[in-house]
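Student: I'm new to this structure and would like a close look at a single part of it. Could you walk me through one aromatic pair and the helix that carries it?

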Amino acid sequence: MSQSMAWLLLMIAGALDVGWAISMKYAEGYTRAGWSVVSLVLLAAFVFLLGRALKVLEVGVAYSVWTGIGAAGTFIMGVVLFGESLSAMKLVGIALVLMGIVALKLA
């Protein structure tokens, strides 16, 4: 697998991580069957893709980037979908996370 493909799989895994986190919220503590199934499928999918990407990418960089994508994406989706609070300090924090992802990708 090429580096480019590994990075693509990592980005998809990060997006699936966001979906997983949001689906857990909708699953309400895994008490709603449909959302619980969606959550578990997304979990399996992102773990599989992350594992594939790790065959090529450095584990420290890949895991940090994947975690950053998940954290930033979940934060944004929490604001959009659930009306979670947004402040200047939170925006600065997310901007720092995103800058860290870019720095790791460029390193």
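Tutor: Let's start with Tyr63, keeping in mind that this is a predicted model. Tyr63 has a relative accessibility of 46%, so this residue counts as partly exposed, because that class lies between the 20% limit for buried and the 50% limit for exposed. Its partner, Trp66, has a relative accessibility of 9% and therefore counts as buried.

You'll find both residues in helix α3, which covers residues 59-82. Tyr63 and Trp66 are three residues apart there, about one turn of the helix. Now look at the two rings. The structure holds five aromatic pairs. In the pair made by Tyr63 and Trp66, the ring centres are 5.2 Å apart and the planes meet at 45 degrees, so this pair is tilted. These two residues also belong to one aromatic cluster, together with Trp20 and Phe46.

Let's follow Trp66 a little further. Leaving aside residues up to four places away in sequence, Trp66 touches Leu10, Ala13, Gly14, Asp17, Phe46 and Leu50. Trp66 also has a place in the largest nonpolar core, which has 18 residues. Within this core, the residues that touch the most other members are Trp7, Leu10, Ala13, Leu57, Val65 and Trp66. Two or more core residues come from each of α1 (3-27), α2 (33-54) and α3. Helix α1 gives the most, with six residues.

Now step back to see the whole of α3. This helix has 24 residues, and at 1.5 Å a residue they should span 34 Å; the end C-alpha atoms are 33 Å apart, which agrees. Besides Trp66, its buried residues include Val61, Ala62, Val65, Ile69 and Phe75, along with several glycines, among them Gly68, Gly70, Gly73 and Gly78. The buried residues of α3 pack against α1, α2 and α4 (88-106).

Finally, have a look at where the helix ends. Phe82 has Lys25 lying over the face of its ring, at 5.6 Å from the ring centre. Just after α3 comes Gly83, which takes a positive phi of about 65 degrees.

So, to trace the path once more on your screen: begin at Tyr63, which is partly exposed, go about one turn along α3 to Trp66, and from there look across to contacts such as Leu10 and Phe46.

Key:
Residues are numbered from 1 along each chain as its sequence is written. This is a predicted model: local features need pLDDT of at least 70, side-chain atom pairs count only at pLDDT 80 or more; totals for chains, interfaces and linings use all residues. Side-chain values use heavy atoms; hydrogens and water are left out. Rings of Phe, Tyr and Trp (its six-membered ring) pair if their centres lie within 6.5 Å; planes under 30 degrees apart count as stacked, over 60 as edge-to-face and the rest as tilted. Helices (H or I, at least four residues) and strands (E, at least two) are DSSP runs, numbered from the N terminus. Buried means under 20% relative accessible area, exposed over 50%, partly exposed in between (1.4 Å probe, protein chains only). A charge sits over a ring if NZ of Lys or CZ of Arg is within 6 Å of the ring centre and within 35 degrees of the ring normal. A nonpolar core is a set of buried Ala, Val, Leu, Ile, Met, Phe, Trp, Tyr and Cys residues joined through side-chain atoms within 4.5 Å. Contact means heavy atoms within 4.5 Å. The expected span of a helix is 1.5 Å times one less than its number of residues.
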